[in-house]
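Reader: Could you walk me through how to read the features of a multi-chain model?

Author: Gladly; let us look at it together.

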Amino acid sequence: MTVHQEVVGRLAQAVISLNGPGRYVHWGFIQISVANLVVIALIVVVFVAAVLVPFPRRSGGAR
Amino acid sequence: MSVPATRPGRTRRFRPDRDVEEWHGRYVPYDIVKEFTAAFLVVLLLTLGLAIVLSSPDEPPVTIKSWSQHAPLDFARTAVTELAGTSPTATYGPPYNSTPGASQSIGPLSLESIMGVHHPIDTALDDVIEPLKTLPAVPTLSAAIGQYTAASVGTEQGWTNAYGAALGHARFAGGRLITRPGNYGPVAEMIGALTMMARSGALDGALVSSKQFYGTDYTKPLLFIADGTYMASLAAAQHLQGTQWGMMNETGNFPGQSWLWLYTFWYQVPPFTTSTNADALVWAIMVVLTALLALVPFLPGVRAIPRKVRLYRLIWRQHYRSLATRVDHAV
Amino acid sequence: MTFDPDESGVGLQADLPEDADQWSARLRRTAVSALPPARLLPDRQPAYVASWIYVFGALTLAALAIVVLTGMVLAIEGPTWWHLSRDGLFVNSMHLWSVELFFFFMVIHLWGKFFMAAWRGRRRATWVTGVLAFVVSIAAAFTGYLSQQNFDSQWIATQAKDGINATGAGAYFNVLNFGQMLMWHILLLPLVVGFLVIVHVLLVRRRGVVPPFAPDPEDLVVPVGDLSVDRTVAP
């Protein structure tokens, strides 16, 4: 194998394998994968952070 | 306060959820090209990272061959229903065939019926008889096909009903379907041959390339596979069934399509859980809700929500603080 | 009038009254008045644009760019490549994750724009084109899932057909037809998404970022002892 093939070959194999039986959360009639739950939770967290984290002030600039 | 109208001579009342006082205040330096370049690099790095760490799923497809090898009885039972014209595909209605009462409707309106049959499928011919005819001619099989196609509908039904029932108690051993003796006519020979054809892989090719060499239309083999229970059992194990909120999910532990949450939600609640028109109803609801989302700026109650919720006070807090500061400085 | 395009194209734009009705002249006038260079590529923005929520439009656009670029690489090698090659699987992974990021950033962008009521002040078309881009993107992602040629695509196809057939669209939009779905995915839908996104971005450039809601009276509160100052008048 060339160096390129080796590098990309290692890159292509996942560090964390998400294959295999999925993990699911059941809550009443709601059934959601842990993966989707993580994504949705991240969306909420990032949205809240985007609104709350202070934005660097810019000085100067005329009208 | 009034705002200039688009036509001269008319003004209209200022509505805070529709109109805005345009900005005549301070401007600050802003590099739009640099911002997009930074965003591009950030997303590129995130994408590379996720691809390296998590990769992507690729569960191998079900083929007629793999299905009939793993679950030959399920294949044979499905094949009998295709021949008999009682399978889900055979009784589907438009766009595959004209089955009275099969179309979904909302009240008197059935768009499915109006559009009609555009992908005609005769399951007996397309899934069983025509593929068997592509095999090198064997006298017993040719005779069986001839006997079946020459028989009356009633006779055919008698044979398929009997053989279908027999398959309910059958075994698969030594590469053959083993049923107790019965009056199956030529059906046992035909289904036996079709099962062997399937297990060899030849049926996959026959169903895709039935009209031309370069097939890219998998309608027939997919409908055939979906009529069985094998693929559905694999899907259930992966939480992909409709009753499992499957539309949102991906195989394994990969995130799926969380943006489809509302679409799949309706299938989990009555009356959609039991309605035969569930698909049509859910689509209609989603079309209406999507249209409402697009039309938010025109909907008086909905477009007032941001002003009432006041989250904007956090987003623009620097601006509101600067108003007081500037006025203080002006003192 | 001499024709001398080396001098900043002056010779190409005479603006003579008798040429004012030309389609080209009219189009140029309309385009330049709607989107002069300063609006297309500004070096300033209103001071109230001071929140991290504002970067999510650019992040969404950047993610879309990566979706398209990785899609192009997949197209170079054809639809089977990623099943057979480690390079291909890696590019497919990038394509999948850039799509997840695209929707991730787009949803946050949508929430932000909703809570800012960004449709105010003749910006309703910006909102509408944004929602349309969202919906068509879902369709584009859907056809992408159908083009995977693996178990997932088989299952999605055989399930989705029922919903689509119920609307009558199944007569012409056959999710079981891989060739058709692939062509919708790599040609037709990207063009529609691209068009909507371009219109959406140009509308933002044309109208500018929506100004804040009017301040509360307390924002202009006079500090104790300074009752002589009239705060209700803008500085």
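Author: What follows is a short tour of contacts, strands, domains and burial. This is a predicted model, in which local features need pLDDT of at least 70 and side-chain atom pairs count only at pLDDT 80 or more, while totals for chains, interfaces and linings use all residues. Residues are numbered from 1 along each chain as its sequence is written, and chains are lettered from A and ligands numbered from 1 in the order in which they are written.

Reader: Thanks! How many residues do chain C and chain B each bring to their contact?

Author: Two residues are in contact if their C-beta atoms, placed from the backbone, lie within 7 Å. Here chain C brings 82 residues and chain B brings 88 residues. Helices (H or I, at least four residues) and strands (E, at least two) are DSSP runs, numbered from the N terminus. On the side of chain C that touches chain B, the elements giving two or more residues include β1 (44–46), α3 (56–77) and α5 (86–115) of chain C. α5(C) gives the most, with 13 residues.

Reader: Which kinds of residue make up that side of chain C?

Author: The classes are nonpolar (Ala, Val, Leu, Ile, Met, Phe, Trp, Tyr, Cys and Pro), charged (Asp, Glu, Lys and Arg) and polar (the others, Gly among them). The side of chain C that touches chain B has 52 nonpolar, 20 polar and 10 charged residues.

Reader: And what does the contact of chain B with chain A look like in numbers?

Author: Chain B gives 26 residues and chain A gives 28 residues. On the side of chain B that touches chain A, β3, α1 (32–54) and α16 (312–315) of chain B each supply at least two residues. That side divides into 14 nonpolar, 11 polar and one charged.

Reader: In which sense do β3 of chain B and β1(C) pair?

Author: Two strands pair if DSSP finds at least two bridges between them. Strand β3 (residues 27–29) of chain B pairs with β1(C) in the antiparallel sense, over three bridges. Within this pairing, P29(B) stands opposite R44(C).

Reader: What about pairing inside chain A?

Author: Strands β1 (residues 24–27) and β2 (residues 30–33) of chain A are antiparallel over four bridges. V25(A) has I32(A) as its bridge partner in β2(A). The hairpin of β1(A) and β2(A) has two residues between the strands, and G28(A) takes a positive phi near 65 degrees there.

Reader: How is chain B divided into domains?

Author: Domain bounds come from an automatic or database domain assignment. Chain B has domain 1 (23–55 + 296–330), domain 2 (64–235) and domain 3 (252–294). The centres of domain 1 and domain 2 of chain B, taken over C-alpha atoms, are 58 Å apart.

Reader: Last one: is T140(B) buried or exposed?

Author: A residue is buried if 20 or more other C-beta atoms lie within 10 Å of its own, exposed if 12 or fewer, and partly exposed in between, with C-beta atoms placed from the backbone. T140(B), in helix α6 (residues 139–150) of chain B, is exposed because it has 10 other C-beta atoms within 10 Å. In chain C, 43% of the 235 residues count as buried.
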